[in-house]
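Q: I would like a close look at one part of this protein, followed by an account of the parts around it. Please keep to plain terms and give the numbers where they help.
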Amino acid sequence: MSADRAALQALAVRTKAPLRYFELVKFKSADHNVTCFLAVGKHALYLVRRSLGGLYPNDQSGAIFFAFIRSMDEDAEDSTQLKLLLSESGARAWMGDTLTVWSKNRHALAQQIQVAWNTDYIFRFGQVRHLHLTSPPPSETSKGFMASLVQFFQGEKDSTAQPFQGCKEVLHSAYRFFIPESYMSQDHAGHFLHQNRLLELEIAVHQPVSLADLEASHHNHIRWAGLEYKRSISLSLKDVMITKSSSYQKRLNLSKDICAWTGWEITLISEDRVMAIILLRRQFVPPLADTAQDFSIRVECQRWAVDEGKVEEQNLLEEARLIADSTMPSGPNVLQQIYPDFLQAKLDTLVLPESAWAWTEKTLKMRPSCKKQACIFVNSILKVLHEEHQLPSSELLDELVALADGEELPLVISPLEAAQQAKQLIELKEEGSVEAMNAWMARV
């Protein structure tokens, strides 16, 4: 799933129409079965070949117009399957009344299609109408029986983490949380009340934000989000005293998530409230590793309950930690699908922050394709500075060798020769592409 602007512009070259969202899916119709990109436009869905070589099956028939879709159905037994039910004209165009899509982020894709369809209907008819999205919930017995049969015959084990003893699972904004069974939901929006009526729990899942926007707003570390949270929550309280404000390390990875998690914990006491807050940030979210998503978990109670010994302040923090440690994406399959072609392009054009480079190299073993040539170029400059006695320390040369993963950097006569070698590499790789050379010259 992605709404990355640069990636959408690249896909729009093939669709010849503006796009708002795309995802890698498996698509099946009466006579087609292919893995491709499904892009959501203003008036149609577009099937783009995975190689970005054009639309599938061809440029003339690779669009599914919203006028052809009459409803959608989320399969109850398969959490990745989405069915597009077609109208009579759509059935004639696609040789069948149903198109099936398998997506690891099915619900988000369905919501994007639903919003785009509603907007297109208003554009075409000047009337408001909503695309019907059905999701029939199966009974728990039927669901468990079918899942057990599939796992038995396929020899698979259920890898979905189960709630801790004395806890229950809560699904909120496509994420799972394990909270104590003593909490009862108040509004199905992340607010819970303890059965003793003394403790309150609030879970908030914020919208994903691009890493570039976090860098621009100086909120690239979770501590700055914690500082902002303390300021905002203190405005409505009197006589606030911060008793703890420090980094927090998420201790469990129950879904084998490849993303990086950071945290910050806060405890405070005011005139009438006692709170324990944990902020979490999930960074380098697939598929492009260019976004981050924040979470806040707050457990609070009245000040008099702590003063009279009915609630211990440390218990608030322990419950918040328990819930924070259990935070994970929902569904049996964690959304860890990476689009390597798009991610490699971002690495090569240096649009990702330094933290993302380090993460992709360590986790995905991906790096800018010209990293070695860049090290050779920098090494040639450092050599010149060293010979002119303008280099304050020779340790920079050793750090550069470490940056090149210990590889021996060849000596070059001058930085110009190093640049010429990089240019020849691009000419060889791109087979003399005029566009590639013009882009290279523009950057140099």
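In which helix is valine 378 found?

A: This is a predicted model, and what follows describes that model. Valine 378 is found in helix H11, which covers residues 371–387. Its relative accessible area is 37%, so valine 378 counts as partly exposed, a class that lies between the 20% limit for buried and the 50% limit for exposed. On the surface, valine 378 joins Phe377, Ile381 and Leu385 in a nonpolar patch. Together these four residues have about 270 Å² of accessible area.

The helix can be checked for length. At 1.5 Å a residue, the 17 residues of H11 should span 24 Å, and the end C-alpha atoms are 24 Å apart, so the two values agree. An α-helix has 3.6 residues a turn, so residues three or four places apart point the same way. The buried residues in H11 include Lys371, Cys375, Ile376, Asn379, Ser380 and Leu382. Just after H11, histidine 389 takes a positive phi of about 60 degrees.

Helix H3, residues 106–125, can be treated in the same manner. H3 has 20 residues and reaches 28 Å from its first C-alpha to its last, close to the 28 Å expected at 1.5 Å a residue. Its buried residues include Leu109, Ile113, Trp117 and Tyr121. Polar and charged names also appear in that list, among them Arg106, Asn118 and Asp120. Just after H3, glycine 126 has a positive phi of about 70 degrees.

Next come the salt bridges, of which the count is 17. One of them joins arginine 298 to glutamate 202, with the closest N and O atoms 3.3 Å apart. This pair links distant parts of the chain: arginine 298 is in strand E18 (residues 291–302), glutamate 202 is in strand E13 (residues 199–205), and 96 residues separate them. Arginine 298 has a relative accessibility of 15%, and because this is under 20% it counts as buried. A salt bridge also joins arginine 273 to glutamate 300, where the closest N and O atoms are 2.5 Å apart. Here arginine 273 lies in strand E17 (residues 273–283) and glutamate 300 in strand E18, 27 residues apart, so this pair too links distant parts of the chain. Arginine 273 is buried at 11% relative accessibility, and glutamate 300 is buried at 7%. Within strand E18, arginine 298 and glutamate 300 meet in a salt bridge of 3.1 Å, N to O. The residues described so far, namely Glu202, Arg273, Arg298 and Glu300, belong with Glu200 to a network of salt bridges.

Strand E18 also takes part in an aromatic contact. The structure holds 14 aromatic pairs. In one of them, the rings of phenylalanine 37 and phenylalanine 342 have centres 5.5 Å apart and planes at 85 degrees, so the pair is edge-to-face. Phenylalanine 37 is in strand E2 (residues 33–41) and phenylalanine 342 is in helix H9 (residues 340–348), 305 residues apart along the chain. Both rings belong to buried residues. The pair in E18 is formed by tyrosine 175 and phenylalanine 295, which are edge-to-face at 4.7 Å centre to centre, with 80 degrees between the planes. Tyrosine 175 sits in strand E10 (residues 175–180), phenylalanine 295 in strand E18, and the two are 120 residues apart. Both tyrosine 175 and phenylalanine 295 are buried. As for phenylalanine 37 and phenylalanine 342, they form one aromatic cluster with Phe22 and Tyr339.

Aromatic rings meet charged side chains as well. Lysine 26 lies over the face of tryptophan 102, 5.4 Å from the ring centre. The charged end of arginine 223 sits over the ring of tryptophan 224, at 5.8 Å from its centre.

Last, the loops. The loop between E17 and E18 contains phenylalanine 284 and proline 287. Phenylalanine 284 has a positive phi of about 60 degrees although it is not a glycine, and at 5% relative accessibility it counts as buried. The peptide bond from proline 286 to proline 287 is cis, with omega near 10 degrees. Another cis peptide bond runs from tyrosine 56 to proline 57, with omega near 0 degrees; proline 57 is in the loop between strand E3 (44–49) and strand E4 (63–65). Arginine 197, in the loop between strand E12 (191–194) and E13, has a positive phi near 65 degrees. At 60% relative accessibility, arginine 197 counts as exposed.

Key: Residues numbered from 1 in each chain as written. Heavy atoms only, no water. Salt bridge = Lys/Arg side-chain N within 4 Å of Asp/Glu carboxyl O. Helix = DSSP H or I, 4+ residues; strand = E, 2+ residues; numbered from the N terminus. Buried < 20%, exposed > 50% of the residue type's maximum accessible area, 1.4 Å probe, protein only. Phe/Tyr/Trp six-rings, centres within 6.5 Å; stacked < 30°, edge-to-face > 60°. Lys NZ or Arg CZ within 6 Å of the ring centre and 35° of its normal. Patch = residues over 30% accessible without salt bridge, like charges linked within 9 Å, V, L, I, M, F, W, Y side chains within 5 Å. Areas by Shrake-Rupley, 256 points an atom, 1.4 Å probe, with all protein chains shown as cover. Expected span 1.5 Å × (residues − 1).
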